[in-house]
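This report is written for a reader who is new to the structure shown below. Please look over the sequence and the model before reading on.

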Number of protein chains: 2
Amino acid sequence: MHSTDPSLFALVLAGGSGTRFWPLSRRARPKQLMALQGERSLVERTIDRLEGLVPDERIHIVCGPDHVEPTQKLVGEKIGFVVEPCARNTGPAIALGSAVVAHHYKDPTIAVFPSDHYVRNPEDFRARLEAASRIADEGYIVTLGIEPTRPETGFGYIQYRGDQPIDEGYVVERFHEKPDADKAMRYLDEGNYLWNAGIFVFKASSLRAEIERQRPALAARLDTMAAGDFEREIIEQEFPRCENISIDYGMMEGAERVAVVPAAVGWSDVGHWAALHEVFETDEHANVVQGNAITVDTRESVIFNKTDTLVATASLEDTVVVVTDDVVLVVPRSKAQQVRALVAALEERDPAYL
Amino acid sequence: MHSTDPSLFALVLAGGSGTRFWPLSRRARPKQLMALQGERSLVERTIDRLEGLVPDERIHIVCGPDHVEPTQKLVGEKIGFVVEPCARNTGPAIALGSAVVAHHYKDPTIAVFPSDHYVRNPEDFRARLEAASRIADEGYIVTLGIEPTRPETGFGYIQYRGDQPIDEGYVVERFHEKPDADKAMRYLDEGNYLWNAGIFVFKASSLRAEIERQRPALAARLDTMAAGDFEREIIEQEFPRCENISIDYGMMEGAERVAVVPAAVGWSDVGHWAALHEVFETDEHANVVQGNAITVDTRESVIFNKTDTLVATASLEDTVVVVTDDVVLVVPRSKAQQVRALVAALEERDPAYL
């Protein structure tokens with residue numbers, strides 16, 4: 001184990017406005033602001049996880065104007081904010097955040113994190129980040145690649161060269177988009193494929209070089225914003241004109257020196273209600289039960305109750321029940337993603353519930 | 001159609017304290033006091049159904065002391081009450097009610113009804129009762145037998161002699177207890193079997209004669225109560241000492257002159273949540289939906305919401321969701337009777353919810 005790297009900065013991407021955790025997540029309270037466990041929200045836990053590795057003063061949250069206030073209330077005054085005037089995907093968001101930090105510090109090493117993921121083993125996670133930071137200091141753009149535990153078709157994969165180790169990582173062969181079931185099974189069998197969790201570590205100069213080479217228009221807009229000292233007005237003028245593109249597609253896939261650090265850290269993107277089984281302890285019948293509930297002969301279900309109401313289930317299997325102050329959601333666990341269809345229907349019928 | 005029989009009296013049995021409609025039904029608000037549809041409770045609908053056939057002044061409700069006040073609030077002042085100091089099953093309850101009415105009127109014809117059933121066609125129902133009343137006036141104890149619509153194993157059956165018609169009914173061959181699935185199928189095939197719905201019509205003297213013959217101890221207690229003018233004190237002294245026995249087992253099975261009037265009147269005992277499909281109109285996907293709800297791709301389910309909360313379901317099948325002010329119940333439709341197991345568990349853990 002190496003000592004904490006005092007020069008590491010963090011960007012936490014908190015622009016998400018997903019609805020897959022409706023009705024707990026709402027437009028005004030997206031997933032990263034939700035507390036799944038206990039009192040602390042996912043964005044707070046993302047910051048907690050960096051304790052001892054990145055001091056609060058070196059953390060910036062990138063989010064939209066509507067979410068600055070509720071997010072700041074949670075994370076406190078020491079954390080900085082970089083405001084995206086509109087959503088332009090992760091490419092411009094990370095490029096802007098990185099440029100803002102580099103405007104104030106000399107070639108910082110920056111780690112980028114989604115704000116709405118879960119990590120069971122934060123200590124292991126920090127050790128992986130320290131390794132990534134060391135490799136980044138050699139000029140690589142480094143990703144944390146999650147050791148796959150199933151042939152998941154919902155994530156992108158990172159293929160690495162086992163014959164080219166660097167420190168505790170490897171040189172990346174290439175990025176792969178979400179595979180079909182056969183491909184996912186093959187990736188799992190071959191062994192040198194990791195899940196792309198959207199976690200990156202790089203020196204600001206390394207990312208900047210790739211942006212200049214691959215996305216010159218974006219580089220020019222960043223220069224204009226830097227010339228305007230990243231004041232609100234100049235960002236509001238330039239940022240909306242940036243190309244809407246993910247960092248994976250826009251920069252990583254074409255980057256010259258990319259490395260990955262494998263991480264088996266109990267990671268979950270907590271992508272929908274059924275994924276709570278990856279996050280929570282289950283009872284003896286494989287249920288996740290949170291809040292006031294009584295279950296009789298109930299199996300493999302998720303009961304998530306944020307109210308004083310009693311949730312009572314009998315002979316229930318593979319079902320998600322979520323209770324908030326104004327909504328009761330019931331959906332089969334295997335169809336948890338169908339919450340999107342409900343959200344779409346409410347969009348038409350009663351958007352006040354969104 | 002015959003004209004209304006002015007001499008008909010009614011006993012409505014409202015002693016039930018069942019929990020199969022928990023959480024809507026509670027100890028303090030049993031099923032018969034619940035409003036399943038609109039504003040009127042099942043006991044009110046039982047009385048509404050007799051309109052034009054039995055005037056309110058000739059209706060007595062038989063129930064326990066705790067339920068007199070909430071029931072009277074619903075049904076109004078004209079309805080009489082016969083109070084059972086404790087539950088002794090339908091035999092003593094009907095015997096007492098009948099004796100009380102006969103104490104004040106000369107050999108009345110009395111119809112007995114459960115208070116918590118549903119009848120889709122009240123007009124047909126009244127016509128069947130009028131026929132039953134005419135047969136009763138000839139000295140028979142008459143039951144209304146429901147034409148079976150499925151090989152139900154949850155009801156007793158009445159086998160009648162198709163070769164011995166009386167008026168619009170038949171002489172009863174015998175009563176059968178709840179059958180197994182094979183027997184139920186055979187009953188349905190044979191055709192001369194009807195469901196026992198607990199609806200009886202008789203002259204008070206006919207029932208009295210059977211009680212004297214079959215249950216002399218009960219007859220003696222009724223005499224003691226009559227000698228005491230059925231005052232509360234004498235009932236409280238004598239009634240608890242009566243044998244706990246159903247009218248079917250205690251009197252009907254051994255009775256000498258029993259007839260049945262077949263009735264296809266859209267009857268349901270609304271025995272559990274899944275039975276709401278017999279009572280309510282369903283939507284195009286065979287769902288019963290009552291109250292504030294949005295359903296996407298949901299089939300053959302029951303959504304019963306008594307609150308302002310939105311119930312939202314997606315890709316749900318064959319599931320019962322009930323929402324009251326303090327409970328959310330979720331149970332597979334085929335396991336609706338498992339509500340009993342929940343009630344038993346709450347008895348231990350948190351009886352305040354019962």
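The text below treats the relation between the chains and then the internal cavities.

The model is predicted. In general, two copies of a chain are related by a rotation about an axis and a shift along it. Here, a turn of 180 degrees with a shift of 0.1 Å along the axis lays chain B on chain A, with an RMSD of 0.1 Å. The two copies are thus related as by a two-fold rotation axis. The interface fits this picture: 100% of the interface residues of chain B are also interface residues in chain A, so the copies meet through the same surface.

A search of the whole structure for cavities of 30 Å³ or more finds two. Their volumes and linings by class are set out in the table.

| Cavity | Volume | Lining by class |
|---|---|---|
| Largest | about 50 Å³ | five nonpolar, two polar and one charged residues |
| Second largest | about 40 Å³ | six nonpolar, one polar and one charged residues |

Which residues line the largest cavity? Its lining consists of Thr46(B), Arg49(B), Phe113(B), Pro114(B), His117(B), Val119(B), Phe125(B) and Ile199(B). The second largest cavity is bordered by Arg49(A), Phe113(A), Pro114(A), His117(A), Val119(A), Phe125(A), Ile199(A) and Trp267(A). Thr46(B) is among the residues lining the largest cavity, while Trp267(A) is among those lining the second largest.

Notes. Residues are numbered from 1 along each chain as its sequence is written. Chains are lettered from A and ligands numbered from 1 in the order in which they are written. This is a predicted model: local features need pLDDT of at least 70, side-chain atom pairs count only at pLDDT 80 or more; totals for chains, interfaces and linings use all residues. Side-chain values use heavy atoms; hydrogens and water are left out. Copies are superposed by least squares on the C-alpha atoms of residues with pLDDT of at least 70 in both. Contact means heavy atoms within 4.5 Å. On a 1 Å grid over the protein atoms alone, a cavity is a set of points where a 1.4 Å probe fits but cannot get out, and a pocket is an open set with protein on both sides within 12 Å along at least five of seven lines; lining residues have an atom within 4 Å of a point. Grid points are joined across faces, edges and corners, and a volume is the space filled by probe spheres set on the points. Ala, Val, Leu, Ile, Met, Phe, Trp, Tyr, Cys and Pro count as nonpolar, Asp, Glu, Lys and Arg as charged, and the others, Gly among them, as polar.
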